[in-house]
Amino acid sequence: MIDELLKIMNMATGINVVGKSIYDSLHDFQCFFLANVFGWRFKNDVKMFKHREIILFIPRKNAKTFICALCLIILMLTEADYSEFYSICIDRDLAGEVKKAITQIITASPVLAGYFKLTNTLIGKITCLINKNTYQARTSQANSNNAIRPSAFIADEIGAFKDKSNIKAMESGQLNVDNPLIFKITTAYAEDRSIMLEELEHLKKIYSGTEENERLFSLLYYADKDNLWTEKGIQMANPLRIEKNYESIRYMRDKALAIESERVEYLTKHMNHFLPTFSGEEYISVDKVKECVVLMVDFSGRDVYVGLDLALSTDNVAVSIASLDDDGETILLDSWAFIPRAKVEDKSRKEKTNYRRHIDRGNCFACGDEVIDYGFVEKFIIGLEDELNCNVMAVGYDLWNAPSTVQKLEEEGLLTVQVRQHSSVLHPTVKLVEEKILNKEIQFEDNPLFVQNFQNARVIYDNNLNKWVNKKRSTGKIDMLAAAFSAVHLLMQNEILGNTFVSAVL
């Protein structure tokens, strides 16, 4: 049915395609996008879309507004009677762009024109006369969007949004909708507080396999850092394969290379690269981390060092262990997270991390109710020797929230060592872990939550250019990684450098 609708719609704008059917004019990536939006349904309910949330991250001049308009026209023609459809944007003029594109397509398509009532105002309603379905463009003011019931809505240019209140207001209106759809579509911006940055981090976790969301579909087109100024980068970021467009982009690239003030526009709008960024740089590629996953790590009979990352009683706590393999070079690692039992679902939603899945895998423990049961964590550490048949040499900890737990561990005969979470202390450890990963000299069993900690980690540099993984700058939880740094620090001090543990607190 979608194919037949596309055949009776005509292109209103575009190079060498005006007046041709949309069906014959679509580019490959547009066909792929439409097929994933409309083509996948549930076997037990063929009217229900498989993907509830659709994200398109694409540079300017790649027909972004056109694809928005096309999706809404199809929905207006095919969804249940009296359905409401909307697009929201950061300001009134931008909000009207989708409506203008819808109006152009309908006007250029004689077969469709008689079935729609159009309005002349910028954000006036468009009505499908067949089923009384309506579309309206709106601005992104949350309070003005609380009383509507969108069957589907497009959040256009969300890269410019600094909070989610507007989107959440629209999403709340879908609670009584049988087949809701959310489209999030944008180009990059020179905006550090953009909500799209968080969305991109979440999508990277899904692509890397550390998280799952089968009801989300996304297409992301951008140049990576190595290709921001290359021909390959232009091809990576711009899937609309029109040579005249590429010629224009090359011209703008050359101009941006020569004139510094032109660079932000070129990088954000044509390479789809967010600028400026003060959020810290990536610690290490998640693909490199995943290459260190092995089938099994056996700590039996080994001397191990434990790292403990404590936090507020309502937040995550982590325990990691580190040991040297028989070759004297390879570091063996494992890590576990602990969260309050009553907050599993809330934390999963807010942090976009499926903690229930990680609990089932044994990488995470829910203990306590509203707050962490520190007694559970302490018993876990004390029981490591029996559980893994290993010898715990020392437990490294940061002083934050630690005195009570440290005292109890010492009463059980464990040696505890303070490891300050500061670049002056942990810079060599952070550097060592990175080098070991790149050389595939770190091994740990499949632990997606631990991999995700690496993926979240962002590094900054102190005045002495010491590298440091910063929790505030990171894009999600890194408690397991912080605990691992403490464990590896003690391992490095005692096994690799042969120093005494006193150096850990200097």
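**Entry 1: Lysine 379**

A helix here is a DSSP run of H or I with at least four residues, a strand is a run of E with at least two, and both are numbered from the N terminus. With that settled, I looked up Lysine 379 and found it in helix α15. I kept in mind from the start that this is a predicted model.

Is Lysine 379 buried or exposed? Its relative accessible area is 65%, so I put it down as exposed, the cut-off for that being over 50%. I also checked its position against glutamate 171: the two are 208 residues apart in sequence, and their C-alpha atoms are 43 Å apart in space.

**Entry 2: α15 against α17**

While I was on α15, I looked at its packing. Two packed helices are described by the angle between their axes and the distance between the axes. For α15 (residues 374-382) and α17 (residues 403-411), the axes come within 10 Å and cross at roughly 35°. I noted the crossing of α15 past α17 as right-handed.

Which residues make the contact? On the α15 side I listed Tyr374, Glu378, Ile381 and Ile382, and on the α17 side Thr405, Lys408 and Leu409. Sorted by type, the residues of this contact come out as four nonpolar, one polar and two charged.

**Entry 3: Overall look at the chain**

I stepped back for the totals. The protein chain has 20 helices and 21 strands. Its C-alpha trace spans about 85 × 55 × 40 Å along the principal axes. Of its 506 residues, 53% count as buried. Among contacts with a separation of 6 or more, 70% are between residues 24 or more positions apart.

**Entry 4: Aromatic rings**

I counted ring pairs next, and the structure holds 18 aromatic pairs. One of them is tyrosine 283 with phenylalanine 485, an edge-to-face pair at 6.0 Å centre to centre with 80° between the planes. How many residues apart are the two in the chain? They are 202 residues apart: tyrosine 283 is in the loop between β11 (281-282) and α12 (286-290), while phenylalanine 485 is in helix α20 (residues 479-496).

I checked accessibility for both rings. Tyrosine 283 has a relative accessible area of 3%, so it is buried. Phenylalanine 485 is also at 3% and therefore counts as buried.

The next pair I looked at was phenylalanine 338 with phenylalanine 365. Why is this pair called stacked? The ring centres are 5.4 Å apart and the planes are at 20°, so the pair is stacked, given that planes under 30 degrees apart get that label. Phenylalanine 338 is in strand β15 (residues 331-339) and phenylalanine 365 is in strand β16 (residues 364-366), so the pair ties together parts 27 residues apart in sequence. Phenylalanine 338 is buried at 0% relative accessible area, whereas phenylalanine 365, at 24%, counts as partly exposed.

I then went back to Tyr283. Ring pairs link it with Phe444, Phe450, Phe454 and Phe485 into a cluster.

**Entry 5: Lysines over tyrosine rings**

I noted two lysines in this arrangement. Lysine 7 has its charged end over the ring of tyrosine 23, 4.9 Å from the ring centre. Lysine 269 has its charged end over the ring of tyrosine 189, with 3.3 Å to the centre.

**Entry 6: Serine 474 and isoleucine 460**

Where is serine 474? I found it in the loop between β21 (467-469) and α20. Its relative accessibility is 11%, so it counts as buried. What does serine 474 touch, leaving aside neighbours within four places in sequence? My list has Asn456, Ala457, Arg458 and Val469.

Isoleucine 460 is in strand β20 (residues 458-461). At a relative accessible area of 22%, isoleucine 460 is partly exposed. I checked isoleucine 460 against glutamate 84: they are 376 residues apart in sequence and 47 Å apart in space, C-alpha to C-alpha.

**Entry 7: Positive phi**

Last, I looked at backbone angles. Lysine 61 is not a glycine, yet its phi is positive at about 65°. I placed lysine 61 in the loop between β3 (53-57) and α4 (64-78), and at 63% relative accessibility it counts as exposed.

Tyrosine 82 also has a positive phi, about 65°, although it is not a glycine. I found tyrosine 82 in the loop between α4 and β4 (84-89). Is tyrosine 82 buried or exposed? Its relative accessible area is 59%, so I logged it as exposed.

Note on methods: Residues numbered from 1 in each chain as written. Predicted model: local features only at pLDDT ≥ 70, side-chain atom pairs only at ≥ 80, totals over all residues. Heavy atoms only, no water. Phe/Tyr/Trp six-rings, centres within 6.5 Å; stacked < 30°, edge-to-face > 60°. Buried < 20%, exposed > 50% of the residue type's maximum accessible area, 1.4 Å probe, protein only. Lys NZ or Arg CZ within 6 Å of the ring centre and 35° of its normal. Axes fitted to C-alpha atoms, helices over the stretch in contact; angles between N-to-C directions. Left-handed = near helix turned anticlockwise from the far one by under 90°. Contact = heavy atoms within 4.5 Å. Nonpolar A, V, L, I, M, F, W, Y, C, P; charged D, E, K, R; others polar.
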